[in-house]
Amino acid sequence: IFILFLVLKRLPDRVKIVEVGPRDGLQNEKTIVPAETKIRLIDMLSDSGLSVIEATSFVSPKWVPQMADQMEVMKGIRRKPGVSYPVLTPNLKGFQAAVEAGASEVAIFGAASELFSKKNINCSVEESLQRFEQVMVAAKAAGVPVRGYVSCVLGCPYEGKVAPAKVAKVAKRLYSMGCYEISLGDTIGVGTPGGMSEMLEAVSKVVPVGALAVHCHDTYGQALANILVALQMGVSVVDSSVGGLGGCPYAQGASGNVATEDVVYMLHGLGIQTGVDLPKLMDAGAFICHSLNRRTSSKVSQATHCKL
Amino acid sequence: MQNVKDSLLHCHRLDKPIFRRGSGNDPLISFQSLGAHEYPEFVKIVEVGPRDGLQNEKEIVPTEVKVQLIDRLSDTGLSVIEATSFVSSKWVPQMADHTEVLQGIRKSPNVRYPVLTPNMHGFQNALAAGATEVAVFGSASETFSRKNINCSIDESMLRFEEVLNAAKDQQIPVRGYVSCALGCPHEGPIDPSKVTEVAKRLYEMGCYEVSLGDTVGVGTPGSMAAMLRSVTREVPCRALAVHCHDTYGQALANILTALQMGVCVVDSAVAGLGGCPYAQGSSGNVSTEDVLYMLHGMGIQTGVDLSKMIAVGDFICHSLNRKTNSRVAQARGSQL
């Protein structure tokens with residue numbers, strides 16, 4: 001009985017899902033999707049009960065062509081009351097463009113790996129944090145909440161193993177700067193439950209667990225197991241992507257984001273509330289996969305849409 | 001990409017985990033601590049690809065390929081490989097070559113090759129073909145039992161008792177399976193007490209191990225924990241295994257839960273062979289590669305070489321002309 005207690009007692013009653021399909025998902029899909037389709041996807045997601053939907057990214061279209069229609073998307077979506085539509089802003093310029101487009105929440109993206117930072121955003125971790133401080137100042141002045149991301153928390157495609165202490169350091173910095181929540185990303189999906197709990201132990205010493213989220217990639221099929229362990233350690237915010245959109249740019253042909261449908265299935269099966277209507281979510285997933293002419297990566301969707 | 005692959009290998013190896021002998025649920029199993037949980041130090045993998053996997057593949061696989069598959073698996077470090085099934089070929093055409101397969105494989109000294117035997121007839125044929133271990137298949141759902149093996153649970157148990165008695169005489173170990181442990185395609189949710197009843201019966205009749213199967217993959221960590229809590233009251237943890245299907249993507253999370261509850265035997269299929277006969281086009285068995293990746297990442301020993309397993313997965317998928325279901329194999333750049 002004690003063991004059952006350990007397995008189930010520590011679980012939160014409610015988990016907030018942060019839907020990153022329209023941004024992280026689509027960003028990693030090869031097919032460029034028209035603004036209209038993105039808007040329709042976000043609107044469908046808004047109707048599925050999600051409370052946070054990452055809408056787009058105010059990065060230079062030169063780097064991320066999929067997000068070139070950021071303005072149009074931001075202005076085109078129906079803003080459901082009670083739903084937040086954060087957008088990525090890599091620097092002050094992006095922030096200003098976002099606010100102009102009507103954004104009321106933004107996100108900034110740090111890394112726990114120096115090499116990844118250099119290769120991904122062309123500067124060191126320290127330099128990126130300084131850029132973000134500029135964004136934080138402007139955001140505070142504008143009353144715009146900021147979410148912080150830390151990538152490579154369980155491993156880096158270039159550096160290999162990443163020390164939990166490094167992850168904690170970056171997470172702490174983002175939190176102290178004023179980010180209301182820190183999303184810890186297993187960017188290449190290499191993490192396993194052992195690494196996840198080790199890393200969370202280190203981070204939760206310097207950032208309250210209530211301000212933490214996990215962003216697990218399913219590249220090695222480990223995402224749900226890693227999420228379960230995170231929940232057992234008190235984390236109650238989970239990032240995921242409808243249909244498991246977004247492959248992994250570091251492992252050709254491999255999967256990337258964990259599918260929201262599969263996460264919701266697990267959470268509901270555990271008696272954890274999410275507010276999400278799974279059939280409506282699956283509809284949104286079916287819609288975007290059809291538009292992308294690809295099969296869903298969600299096993300729940302595959303199983304449900306099959307003939308019994 | 002070579003650099004990336006090396007660093008991936010590197011970051012997946014845990015630095016010395018801290019082992020301590022915990023009491024866990026069973027003093028006969030050694031546990032280690034990771035975070036707030038205790039996990040077994042060693043997990044035995046029961047490879048069911050050649051039987052459960054191939055049985056659920058549409059294409060009939062030539063005997064030669066089955067034999068090659070099993071021989072290759074024998075070199076990966078596995079200690080148990082379910083080789084075939086002595087059921088009527090009328091019901092399961094894929095297993096029609098059971099005798100040739102069992103007689104054709106190279107029997108590695110450190111590996112056991114159990115075979116399914118639904119009744120005395122199958123048991124006798126298995127024995128004649130050289131089987132040294134068998135398995136019997138019960139169900140926690142009446143409807144599933146009737147639809148799958150054409151008789152009630154009680155009737156099936158009587159059949160198995162016959163097999164167990166004959167097996168005892170021949171000193172042949174018998175493994176028991178309970179299907180629909182977390183849900184039934186016909187009945188829906190299954191009461192844990194029913195699973196316990198069947199598991200207990202199989203254990204008391206002489207099965208050395210009982211494998212609890214989430215046949216349609218609908219289980220989640222909650223239902224897994226509740227079911228195991230019930231079963232472990234009547235059957236010791238060390239005699240239990242979990243057989244999780246990945247149809248809803250829940251397998252690894254369910255396996256993790258089982259490990260946290262003291263189970264240390266896990267069934268899986270190389271490359272995730274075998275779709276789900278109840279959900280056309282869906283996946284079935286969890287991939288051995290993905291299970292190994294998780295276990296090794298947690299510092300849990302299995303004795304199995306992951307790279308060799310991936311290579312075997314490549315071989316069988318190539319032979320079946322299908323893509324692997326293993327995410328690990330996909331990520332490691334399998335050629336398929």
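Q: Which residues in helix 12 of chain B do B:Thr288, B:Glu289, B:Leu292 and B:Tyr293 in helix 11 of chain B meet?
A: This is a predicted model, in which local features need pLDDT of at least 70, side-chain atom pairs count only at pLDDT 80 or more, and totals for chains, interfaces and linings use all residues. Residues are numbered from 1 along each chain as its sequence is written, chains are lettered from A and ligands numbered from 1 in the order written, and side-chain values use heavy atoms, without hydrogens and water. Helices (H or I, at least four residues) and strands (E, at least two) are DSSP runs numbered from the N terminus, and contact means heavy atoms within 4.5 Å. The residues met in helix 12 of chain B are B:Leu306, B:Met309, B:Ile310 and B:Gly313.

Q: Are helix 11 of chain B and helix 12 of chain B roughly parallel or roughly antiparallel to each other?
A: Their packing angle is about 165°, with the axes 9 Å apart. Axes are lines fitted to C-alpha atoms, for helices over the stretch in contact, and angles run from 0 to 180 degrees between N-to-C directions. Angles under 35 degrees count as roughly parallel, over 145 as roughly antiparallel, 65 to 115 as roughly perpendicular and the rest as oblique. The two helices of chain B, 11 and 12, are therefore roughly antiparallel.

Q: Which residue is the bridge partner of A:Ala107 in strand 6 of chain A?
A: Strand 5 (residues 106-111) and strand 6 (residues 146-151) of chain A run parallel and are joined by six bridges; strands pair if DSSP finds at least two bridges between them. The partner of A:Ala107 is A:Arg147.

Q: What is the strand order of the open sheet in chain A?
A: The sheet has nine strands with parallel pairing. Its order is 2-1-9-8-7-6-5-4-3.
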